[in-house]
Amino acid sequence: MFSHIMVGANDLPRAKAFYDALLGTLGVGPAMQDGHRIFYMTPTGVFAVSEPIDGQPATHANGATIGFACKDSAQVDAWHAAGVAAGGTSIEDPPGLREGGLGKLYLAYLRDPDGNKLCALHRM
């Protein structure tokens, strides 16, 4: 549904270590670096992290969330654990089942080291 998503980072090596660990749990290989940016290429889209090109500090977007699709609840749990171990912060409720208008979802939420809000989602 998207061509790419890019978030900002103030410390690219720290961001690469975090996202290599986090996305590795989803079967995504380590990032390819191109100067001030890193790219994770998959058959379904591209996730990228960049130092801001305007010289200003990177900040997170209030109200924004980037969701990563997972094959099952165990992968959601592994994603969350890897993110916390690599410097992310667990937010909202612990990983688990949520029921609502979109059906049963198994979710986990993190903030990356620069404050971007991330979600792992498995549709039950």
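Among contacts in the protein chain between residues at least 6 apart in sequence, what percentage join residues at least 24 apart? In this predicted model, the figure is 57%.

**Figure 1. Overall dimensions of the protein chain.** The C-alpha trace spans about 40 × 30 × 30 Å along its principal axes. A compact globule of 124 residues would be expected to have a radius of gyration near 14 Å, and the value computed for the protein chain, 14 Å, agrees with that expectation.

**Figure 2. Secondary structure along the protein chain.** Two helices and nine strands make up the secondary structure. Followed along the sequence, these elements occur in the pattern β-α-β-β-β-β-α-β-β-β-β.

**Figure 3. Surface and interior of the protein chain.** About 6,800 Å² of the protein chain is exposed, and carbon and sulfur atoms supply 56% of this area. Of the 124 residues, 41% are buried.

**Figure 4. Length and start of helix α1.** Helix α1 comprises the 13 residues 12-24. At 1.5 Å a residue, this helix should span 18 Å; the C-alpha atoms at its ends lie 17 Å apart, in agreement with the expected span. At the start of α1, the backbone nitrogen of Arg14 has a side-chain oxygen of Asp11 within 3.1 Å.

**Figure 5. Buried residues of helix α1.** The buried residues in α1 are Leu12, Ala15, Phe18, Tyr19, Asp20, Leu22 and Leu23. In an α-helix, residues three or four places apart point the same way, because there are 3.6 residues a turn. Leu12, Ala15, Phe18 and Leu22 may be followed along the helix as buried positions.

Key:
Residues numbered from 1 in each chain as written. Predicted model: local features only at pLDDT ≥ 70, side-chain atom pairs only at ≥ 80, totals over all residues. Heavy atoms only, no water. Helix = DSSP H or I, 4+ residues; strand = E, 2+ residues; numbered from the N terminus. Expected span 1.5 Å × (residues − 1). Buried < 20%, exposed > 50% of the residue type's maximum accessible area, 1.4 Å probe, protein only. Polar contact = N/O pair within 3.5 Å; in protein donor to acceptor, adjacent residues only side chain to side chain. Rg over C-alpha atoms; globule rule 2.2 N^0.38 Å. Contact = heavy atoms within 4.5 Å. Areas by Shrake-Rupley, 256 points an atom, 1.4 Å probe, with all protein chains shown as cover.
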